[in-house]
Amino acid sequence: MSHLVGWLCHFTPVEIFTALGYTPYRLLGREGNNPRAATYLVGNLCPYVQSCLEAAIKQELPLLAGVVIARSCNAMIHLANVWPHYGAGGKTVVLDVPRRFDEDAVFYFSQNLRRLAAELAPPGEQQLSEERLWAAITWWEEQRAAWRELLACRAAGEDPPGGKEIMDGLARWQTPLNPQEAGKWETVINRLTGQPRGKAARRPRLLLAGSILPRELITMVEECGGLSVFEDSCNGMRLLLAPAARAEGDPYLYLARLYLGGPPCPRMVGDREKRRQYWAAAVDRFRIQGIIYHVMKFCDAAMYDFIALKAFCEKKGLPLLRLDGDFSGGNRGQWQTRLEAFLEMLGVG
Amino acid sequence: MSLTAGVDIGSLTTKAVVVRDGRMAGAAVLRSGVDSAGIAEKALQEALEQAGAGAESLDGIVATGYGRIRVPFAQRRVTEITCHARGIYHLWPEVRTVIDIGGQDSKVILLDAGGKVRDFVMNEKCAAGTGRFLEVMAGALDVPVEEMGAFSQQAGQGASISSMCTVFAESEVVSLVAEGRPVAEIIRGLHNAVAQRVVAMAQRVGWEEPVAMTGGVAKNPGVVKSLEETLGTSIRVPPDPQIIGALGAALLAIG
């Protein structure tokens, strides 16, 4: 029996998986077309979500004991509907996530997390003890703290790890194939810290944002002479940045507050001001010179988020480029001129 | 004395401009083809002949346009967005918005007072609002593309073209022809449709006056007129709008 449990949205508290003895494995999607998924999902739906289903149907995923699908956006709701029928085997557990951050939302989410722990528990397993959950919380917090330390170097350093290295590292860290691999998280982070670089000089420091940032985009940005120093996306650094203040006695309330209280994602419609403050802090701390926003096709949340970001950038006098993409890995031709022209605006070339 | 060249490989035409001491000395426009490097070399040769100079006396060459990576003899590659901005700034430093409609894309570029690109927007992965769109429609109407401008000016009003998708618009045009609608009105309607598409982009980026237009489609007075009516302002068109990207590239090659 597999000990891997799949997850998608960054509002999924992986601490619960660890406490139950599972290894969390993030479904990061796949490049290419999604003809099999198109049989079960409508065409005008998030290509990342479609690609996750495609990967499952094509049996490209490792054997999973189950998948936790956070119903955090419209596309995820559709995925949660079809996954039990056409996705990978194992349990499908659905997690509702509030769209705002206040005491009612925290309490509601904590109750959902308690239910998640019960539904995910292996057959015959006793109720998850608070001690085990707190131990898992501590273990994950240790990892996130190490990541934050690395990111602090990016904020201050003249020669920080680039976005491609960070995103590749994050992907490796989120997709361990067994508990031994998951336990070697320090190796992943140390590899990034110790890599020789020496190519950051005079490259414009960029914030890359969007619902999902495709690897293709980050690679292109850095090939063309930009340097990504902050990635604000579902698959970026957001999940590392939640403030960890352990005032709660109840681990579920703690987790609910931690996940809902982290950097707001575009779906947190009630937190627009908090999102603006988050951008402002990132721009100042990471000395951002320009922002590239990737709008995933059919992601309404990202489109509205872009409008708010545009207003923010106009106020700050910060150059902003919007690139639309479909997560297919075939967007290079569409982006090349825009990206190069944007970098020329910032003085590259 | 400085002698530089700019080569602009577009999807439909390849342009070369030679600049001597900051002034245009020669220019050539050839049809693009599969042998991008060969055509670029030929265009440059023609422009050099006009300038009365040889390739050995060039101080620098900048390549631009869709095929800029396919010019092996260029020292630098710069996007057409920066090059069109530079070319127009050279002609009219007071211009703040450039509308460039080429064969496969359309762009709206905002310039600052120093001629630098301040912001820009390009069309989506779609032929709508481009020269290619007009070429397909010209084919459907059996009218030479270069005569569309004159035709449209004979029409008192434009036919309503509701679809901007090249494929759907073509069938709409065929239906209008079948209904007996005058060709001039259909062409004017097509120009209006292109203008609406481009003006939507211009509004997205926050266009400012004065406005200039570059690219091959600027040679079509019908499109320029529709754009002027939709924007509500006059548009400056250089004598040869097709070569402005290459001109900008040649100017950027000065260093």
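Start with a small void: the second largest cavity in this predicted model holds about 40 Å³ of space. To find it, select B:S152, B:Q153, B:R188, B:G222, B:K225, B:S226 and B:E229, which line that cavity. Now colour helix α7 of chain B, residues 221-231: four residues of the lining come from this helix, the largest share. Try colouring the lining by class, too. You'll get four polar residues, three charged ones and no nonpolar ones.

How many cavities of 30 Å³ or more are there? The count comes to three.

Next, hop over to chain A for the largest cavity, with a volume of about 90 Å³. Select A:H10, A:E141, A:R144, A:R238 and A:L239, then add A:A242, A:L258, A:Y259, A:G262 and A:P263, and you have its lining. Two helices to highlight here are α5 and α10 (251-260) of chain A, each of which supplies at least two residues of that lining. Colour by class again: five lining residues of the largest cavity are nonpolar, two are polar and three are charged.

Keep α5 of chain A on screen and bring in α6 of chain A. The stretches to select are residues 130-156 for α5 and residues 163-174 for α6. At what angle do these two helices pack? It's about 175°, with the axes 12 Å apart. Angles over 145 degrees count as roughly antiparallel, so that is how α5(A) runs relative to α6(A).

Show side chains along this helix pair. On the α5(A) side, pick A:W140, A:Q143, A:W147, A:L150, A:L151 and A:R154. They meet A:G163, A:I166, A:G169, A:L170 and A:W173 in α6(A). Sorted by class, the residues of this helix-helix contact are seven nonpolar, three polar and one charged.

Last stop: zoom out until both chains are in view. Select what touches across the boundary and you should pick up 18 residues of chain A in contact with 17 residues of chain B. The area buried between the two chains is about 1300 Å², and carbon and sulfur atoms give 46% of that. Which residues of chain A lose the most area to chain B? Put A:T337, A:R338 and A:M345 in sticks: together they account for 39% of what the chain A side buries.

Notes:
Residues numbered from 1 in each chain as written. Chains lettered and ligands numbered in written order. Predicted model: local features only at pLDDT ≥ 70, side-chain atom pairs only at ≥ 80, totals over all residues. Heavy atoms only, no water. Axes fitted to C-alpha atoms, helices over the stretch in contact; angles between N-to-C directions. Parallel < 35°, antiparallel > 145°, perpendicular 65-115°, else oblique. Contact = heavy atoms within 4.5 Å. Nonpolar A, V, L, I, M, F, W, Y, C, P; charged D, E, K, R; others polar. 1 Å grid on protein atoms, 1.4 Å probe; cavity = no way out; pocket = protein on both sides within 12 Å on 5 of 7 lines; lining within 4 Å. Points joined across faces, edges and corners; volume = space filled by probe spheres on them. Buried area = accessible area lost by both parts, 1.4 Å probe.
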